[in-house]
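Dear colleague,

Please find below the structure that I am handing over to you. My account of what was found in it follows directly after.

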Amino acid sequence: MAEISFWGGVGVIGSSKVLIEQQGWRVLLDLGLDFTPVPHLFRGRVAPRPGQALQDQIRTGSVPAIPHLYRPEAIAGLDLAGSSDAKTALFLTHAHPDHAGLAGWVDPGVPIYASALTGQILAAQESAGMGLPGGVPAVHALPLGDPLPFGPFMVTAHAVDHDIPGAVGFLVETEDGVVAYSGDIRLHGRHPEWSLQFAEAARGARALVIEGTTLSFGFQRAEPTEKMVDGAFAEILERTPGLVLMAALPANLERIAAFVDLARGRGRTILWPPAQAQFLKTMGLTDIKTLDLAAQKADIHARPGHYVVQLTVPDIPVLLDLPVGPGSVFVHANGEPFGDYDPDWTILHDWLTYTHTPFWSIGTSGHASPADVHLLVETVAPDIVFPIHSAAPDRLVAPPGTARWLPERGGRRFTLSRP
Ligand SMILES: [Zn+2]
């Protein structure tokens, strides 16, 4: 009898962790960090203690106490079994921290599977000093479309479109039917056909676990496509006489490659903070130039219209050394800070106001619009749908023939056998 339980992503965006159990074997889908906007005990200047970071997070409930998953030394002193039981495997849908962020704590005896690209991104982030807490895990590359037997399960990865390359959804064959898990998915990106092919492959599944990020935000317009984001960036480059400042996520590699091309075509060079530049170069992007203000400051002031500077939050004071103000612009393209729920958001805006620098937002979501979430559910037509990774999972309306089940956090098991 197969059972499914939810250890994160319940009523919140991010933190996804879906456990499927059968005959004592366990498939864990994602192991994400908790990004809940609900107050955490650890926030601001209060951080988990060095040397006992995982214990502190487990003891305060921000990391789940799943037995036989973590390295024993990372959970020393807790009443929780560490080390692999040789019957548990972790499958990661993509390299975003709210899906993979706890993988560094996993016991080496627990195999971790992901797409080859996800493994490369995690390794490149680690080598650039932007790695996971607990270190970089060894990731086995899972060929797309090839079923992998694990105990009584068969697990197949299918590409889906998201705002990071290498994203997949999983089909997990159990003795009670297929459990499909979307990971993070969208239909307005560069590869909507991947997401639709995943849904087609999942058609008729016993259960579908789907992300509902955008349901959190109520009624809204359709998301812009990535092509529209490219067009908006090109227009800003052409219309802005001075320096363009930018906040884009390096891991959105396809967008970054497009932005680098668009900038070069308009006589501009994008300058990246050193760690991000190293990450992008390791991932094989070309024409990546590192920001080195000591060497470049004079030329940026002499020819501000020839540059774009990617700004990170800790680097905001460099605005004092850059030719910003009217004639310059800050372009927000889904980078950090992510939005008005982030305390850094008002700090950034205070600095832009102080320096008289205009702000322009051109991004698009990595997550399917509410209409597209419903289209995906209708395409899969599962017996049961579990909406997760959403602040408002109850806004998902199941189509006729599909039962909706709102997951509960904390490991309560749902039995998948038919009534
Ligand atoms: Zn994601």
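**Findings**

In strand β2, Glu21 is the bridge partner of Glu3. That pair belongs to the antiparallel pairing of β1 (residues 3–8) with β2 (residues 17–22), which extends over five bridges. Please bear in mind throughout that this is a predicted model.

**The sheet that contains β1**

On to the next strand: β2 also pairs with β3 (residues 25–29), again in the antiparallel sense and over five bridges. Within this pairing, Ile20 has Val27 of β3 as its bridge partner. Two residues lie between the strands in the hairpin of β2 and β3, and Gln23 in that hairpin takes a positive phi near 50 degrees.

These strands are part of an open sheet of seven strands with mixed pairing, in the order β6-β5-β4-β3-β2-β1-β20. Its edges are formed by β6 (140–141) and β20 (414–415); each has a single partner strand, so one side of each is left without a neighbour in the sheet. The pairing of β5 (residues 112–114) with β6 is parallel and comprises two bridges. There, Ala114 is matched with Ala141 of β6 as its bridge partner. As general background, strands of a sheet pair through backbone hydrogen bonds, in either the parallel or the antiparallel sense.

**The sheet that contains β8**

An open sheet of seven strands, with mixed pairing, is also found in the order β7-β8-β9-β10-β11-β18-β19. The strands at its edges are β7 (148–150) and β19 (403–404), each of which pairs on one side only.

Inside this sheet, β8 (residues 153–159) and β9 (residues 168–174) are antiparallel partners over six bridges. Ala159 stands opposite Val168 of β9. Helix α10 (residues 370–380) packs on the sheet, where it touches β10 (177–181), β11 (207–211) and β18 (384–388), and its direction makes about 165 degrees with that of β11. Helix α4 (residues 192–201) lies across β8 and β9 and runs at about 155 degrees to β8.

**Domains**

How is the protein divided into domains? The domain assignment gives domain 1 as 3–218 + 366–415 and domain 2 as 226–361. Taken over C-alpha atoms, the centres of domain 1 and domain 2 are separated by 31 Å. Contact between them involves 15 residues of domain 1 and 12 residues of domain 2. On the side of domain 1 that touches domain 2, the residues divide into eight nonpolar, five polar and two charged.

**Helix α9 and local backbone features**

Helix α9 (residues 343–354) has 12 residues, and the distance from its first C-alpha to its last is 18 Å, close to the 16 Å expected at 1.5 Å a residue. After α9 comes His356, which has a positive phi near 55 degrees.

Pro337 is located in the loop between β16 (329–333) and α9. The peptide bond that joins Glu336 and Pro337 is cis, with omega at about -5 degrees.

A further histidine deserves a mention. His68 is a residue other than glycine with a positive phi, near 55 degrees. The loop that holds His68 runs between α1 (53–59) and β4 (88–91).

**Overall dimensions**

In total, the protein has 10 helices and 20 strands. Its radius of gyration is 22 Å, close to the 22 Å that the globule rule gives for 419 residues, so the protein is as compact as a globular protein of that length. Along the principal axes, the C-alpha atoms of the protein fill a box of roughly 70 × 50 × 35 Å.

With kind regards

How values were computed. Residues are numbered from 1 along each chain as its sequence is written. This is a predicted model: local features need pLDDT of at least 70, side-chain atom pairs count only at pLDDT 80 or more; totals for chains, interfaces and linings use all residues. Two strands pair if DSSP finds at least two bridges between them. Helices (H or I, at least four residues) and strands (E, at least two) are DSSP runs, numbered from the N terminus. Domain bounds come from an automatic or database domain assignment. Two residues are in contact if their C-beta atoms, placed from the backbone, lie within 7 Å. Ala, Val, Leu, Ile, Met, Phe, Trp, Tyr, Cys and Pro count as nonpolar, Asp, Glu, Lys and Arg as charged, and the others, Gly among them, as polar. Axes are lines fitted to C-alpha atoms, for helices over the stretch in contact, and angles run from 0 to 180 degrees between N-to-C directions. The expected span of a helix is 1.5 Å times one less than its number of residues. The radius of gyration is taken over C-alpha atoms; the globule rule is 2.2 Å times the number of residues to the power 0.38.
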